[in-house]
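Trainee: I have a structure open and would like to learn how to read its features. Where should I begin?

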Amino acid sequence: MPNVRAIYVASDKGQPMVSVQAVNAITGRGLEGDRYKDGRGAFSKHRVGETFRDVSLIAVEAIAEANKEVEIPFSPEDTRRNILTERVDLNTLVGQEFSVGDVRMLGVELCTPCNRPSALAKKPGFETAFQGRGGLRARILTDGVIIVGDVISF
């Protein structure tokens, strides 16, 4: 069953991602305690059209595949994504509504890998290894609490 394996937030750009067991999701804003909710993320000002950075998701399976291509593996928090999923093909959710627990989301765009996670983690190769598997940016459509273990439904 598709589910949430972990949740991460960072208080400001460049700060370490911190694992939490539950987080408040705020419609059109982001996750409580995360840099993007308050516009403090490194890419907060890089909006294209109606693209929003409320929340980002990445699949545990994508990390495992990408790590086969790098010398030093990336941990989920190294990816700088908020929600670690299991058994979800995130690439198919662009333009689709889905639920994470009781929170409705809209898949907005795929996360194009950049060099920032490599620089912050001091591990080479993120941009190349995560091509096509960098995760998904989503818009939060309803307020609610996301909890580790929540089911993801479509």
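**A buried arginine and the fold around it**

Mentor: Begin with one residue. This is a predicted model, and in it Arg80 counts as buried, because its relative accessibility is 11% and the cut-off for buried is under 20%.

Trainee: Where is Arg80 placed?

Mentor: Arg80 lies in the loop between α1 (60-67) and β6 (83-86). Look at its backbone too: phi of Arg80 is near 70 degrees, a positive value in a residue other than glycine.

Trainee: Which loop holds Lys122, and what is its phi near?

Mentor: Lys122 sits in the loop between α2 (116-121) and α3 (126-129). Its phi is positive as well, near 60 degrees, and Lys122 is not a glycine either.

Trainee: Is Lys122 buried or exposed?

Mentor: The word exposed is kept for a relative accessible area over 50%. Lys122 has 70%, so it is exposed.

Trainee: How many helices and strands does the protein have?

Mentor: There are three helices and 11 strands. Following the chain, the pattern reads β-β-β-β-β-α-β-β-β-α-α-β-β-β.

Trainee: In what order do the strands of the open sheet stand?

Mentor: Order in a sheet is read from strand to neighbouring strand. Here eight strands form an open sheet, in the order β2-β1-β6-β5-β9-β8-β7-β11, with mixed pairing. At its edges are β2 (18-20) and β11 (152-153); each has a single partner strand, so one side of each is left without a neighbour in the sheet.

Trainee: In which sense do β8 and β9 pair?

Mentor: They pair in the antiparallel sense, with five bridges between β8 (residues 103-110) and β9 (residues 136-140). To find the pairing on screen, look for Leu110, which stands opposite Leu136 in β9.

Trainee: Why can the protein be called a compact globule?

Mentor: The radius of gyration is compared with a value expected from chain length. For 154 residues a compact globule would have a radius near 15 Å, and the protein has 14 Å, so the two agree. The C-alpha trace spans about 40 × 35 × 30 Å along its principal axes.

Trainee: What share of the residues is buried, and what share of the contacts joins residues 24 or more positions apart?

Mentor: Of the 154 residues, 45% count as buried. Among contacts with a separation of 6 or more, 75% are between residues 24 or more positions apart.

Trainee: What about the surface and the charges?

Mentor: The accessible surface comes to about 7,400 Å², and carbon and sulfur atoms hold 51% of it. The protein has 20 positive and 20 negative charges, whose mean positions are 5 Å apart.

Notes
Residues are numbered from 1 along each chain as its sequence is written. This is a predicted model: local features need pLDDT of at least 70, side-chain atom pairs count only at pLDDT 80 or more; totals for chains, interfaces and linings use all residues. Side-chain values use heavy atoms; hydrogens and water are left out. Two strands pair if DSSP finds at least two bridges between them. Helices (H or I, at least four residues) and strands (E, at least two) are DSSP runs, numbered from the N terminus. Buried means under 20% relative accessible area, exposed over 50%, partly exposed in between (1.4 Å probe, protein chains only). The radius of gyration is taken over C-alpha atoms; the globule rule is 2.2 Å times the number of residues to the power 0.38. Contact means heavy atoms within 4.5 Å. Accessible areas come from the Shrake-Rupley method with a 1.4 Å probe; for residues, only the protein chains shown count as cover. Lys and Arg count as positive and Asp and Glu as negative; His and the chain ends are not counted. The place of a charge is taken as NZ of Lys, CZ of Arg, CG of Asp or CD of Glu.
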